[in-house]
Amino acid sequence: MDREPLKIRKKADDGHRVISIRIREDILAQLDKIAGETNRSRNEIISTILEHGLQNIEIEEN
């Protein structure tokens, strides 16, 4: 009996990168609380906050 080979495609680049950061425990607890209350992942919450911050940042000159 001939067996069909298992074909696995390479994962496509989705534009995301995995990074590692250091964060204070109290901030992590706040992120987890928001994630739980909104039924979102911690990653979604962090990405949303970063996106908002980048779109609304104002850099002051000395």
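Below, a biologist and a modeller go through pockets, patches and salt bridges in a predicted model.

The model is predicted, so local features need pLDDT of at least 70 and side-chain atom pairs pLDDT 80 or more, while totals for chains, interfaces and linings use all residues. Residues are numbered from 1 along each chain as its sequence is written, and side-chain values use heavy atoms, without hydrogens and water.

Biologist: What volume does the largest pocket have?
Modeller: A pocket is an open set of points on a 1 Å grid over the protein atoms alone, where a 1.4 Å probe fits, with protein on both sides within 12 Å along at least five of seven lines. Points are joined across faces, edges and corners, and the volume is the space filled by probe spheres set on them. The result is about 430 Å³.

Biologist: Which helix gives the largest share of the lining of that pocket?
Modeller: Lining residues have an atom within 4 Å of a point. Among them are Ile19, Arg42, Ile46 and Leu50. Helices are DSSP runs (H or I, at least four residues), numbered from the N terminus. Five lining residues come from residues 42–56, helix H2.

Biologist: Is Ile21 buried or exposed?
Modeller: Ile21 lies in the segment before helix H1 (25–38). Buried means under 20% relative accessible area, exposed over 50%, and partly exposed in between (1.4 Å probe, protein chains only). Because its relative accessible area is 55%, Ile21 is exposed.

Biologist: What area does the nonpolar surface patch of Ile19, Ile21, Ile23 and Ile27 have?
Modeller: Patch residues have over 30% relative accessible area and no salt bridge, and nonpolar side chains (Val, Leu, Ile, Met, Phe, Trp, Tyr) are joined within 5 Å. Areas come from the Shrake-Rupley method with a 1.4 Å probe; for residues, only the protein chains shown count as cover. The patch covers about 370 Å².

Biologist: Which residue forms a salt bridge with Lys33?
Modeller: A salt bridge puts a side-chain nitrogen of Lys or Arg within 4 Å of a carboxyl oxygen of Asp or Glu. The closest N and O atoms here are 2.8 Å apart. The two residues are four apart in helix H1, so about one helical turn separates Lys33 from its partner, Glu37.

Biologist: How many salt bridges does a search of the whole structure find?
Modeller: Asp13 and Arg17 meet in one, at 3.1 Å, N to O. Arg24 and Asp26 form another, at 3.0 Å. The whole search finds five.

Biologist: What is the phi of Asn39?
Modeller: Asn39 is in the loop between H1 and H2. Most residues other than glycine have a negative phi. Asn39 has a positive value, near 55 degrees.

Key
Patch = residues over 30% accessible without salt bridge, like charges linked within 9 Å, V, L, I, M, F, W, Y side chains within 5 Å.
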